[in-house]
Amino acid sequence: MSRKRGIMSSRFKEELAKELGFYDKVQQDGWGGITARDAGNMVKRAVQMAEENLKKDKV
């Protein structure tokens, strides 16, 4: 099975990991070292940020 290319840029993922407090784990173990919970929280935060940007654009 081929891997699909990620939607989020590496830089954006790093910023989210720093904000959520697990960037040190990413640096040490790579993205495969984070927990499913951390990955889920990262996606949740990205969605929240996108929704906030959409609200700003409508105003």
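1. On aromatic pairs, a search of the whole structure finds 0 of them, where rings of Phe, Tyr and Trp (its six-membered ring) would pair if their centres lay within 6.5 Å. This is a predicted model, in which local features need pLDDT of at least 70 and side-chain atom pairs count only at pLDDT 80 or more, while totals for chains, interfaces and linings use all residues. Residues are numbered from 1 along each chain as its sequence is written, and side-chain values use heavy atoms, with hydrogens and water left out.

2. On confidence, the mean pLDDT (the predictor's confidence in each residue, from 0 to 100) is 90 for the protein, and 92% of its residues reach 70 or more. Among the elements, α2 has the highest mean pLDDT, 96, and α3 the lowest, 93; helices here are DSSP runs of H or I with at least four residues, numbered from the N terminus.

3. Two aromatic rings do have a charge over them, which requires NZ of Lys or CZ of Arg within 6 Å of the ring centre and within 35 degrees of the ring normal. K13 lies over the face of W31, at 5.2 Å from the ring centre, and the charged end of K18 sits over the ring of Y23, 4.9 Å from its centre.

4. The largest nonpolar core (buried Ala, Val, Leu, Ile, Met, Phe, Trp, Tyr and Cys residues joined through side-chain atoms within 4.5 Å) has 8 residues, namely L16, A17, F22, Y23, V26, I34, M42 and A46. The elements that give two or more residues to this core are α1 (10–20), α2 (23–29) and α3 (36–58).

5. Helix α3 has 23 residues and reaches 33 Å from its first C-alpha to its last, close to the 33 Å expected at 1.5 Å a residue, a span taken as 1.5 Å times one less than the number of residues. Its residues D38, M42, R45 and A46 are buried, meaning under 20% relative accessible area, with exposed over 50% and partly exposed in between (1.4 Å probe, protein chains only). What covers the buried residues of α3 includes α1 and α2.

6. Why does R45 count as buried? The reason is its relative accessible area of 19%. Leaving aside neighbours within four places in sequence, R45 is in contact (heavy atoms within 4.5 Å) with L16, E19, L20 and E52, whereas A46, on that basis, is in contact with M8, F12 and L16.

7. In the loop between α2 and α3 is G33, which counts as partly exposed because its relative accessibility is 26%. The C-alpha atoms of G33 and E15, 18 residues apart along the chain, are separated by 17 Å.

Key: Phe/Tyr/Trp six-rings, centres within 6.5 Å; stacked < 30°, edge-to-face > 60°.
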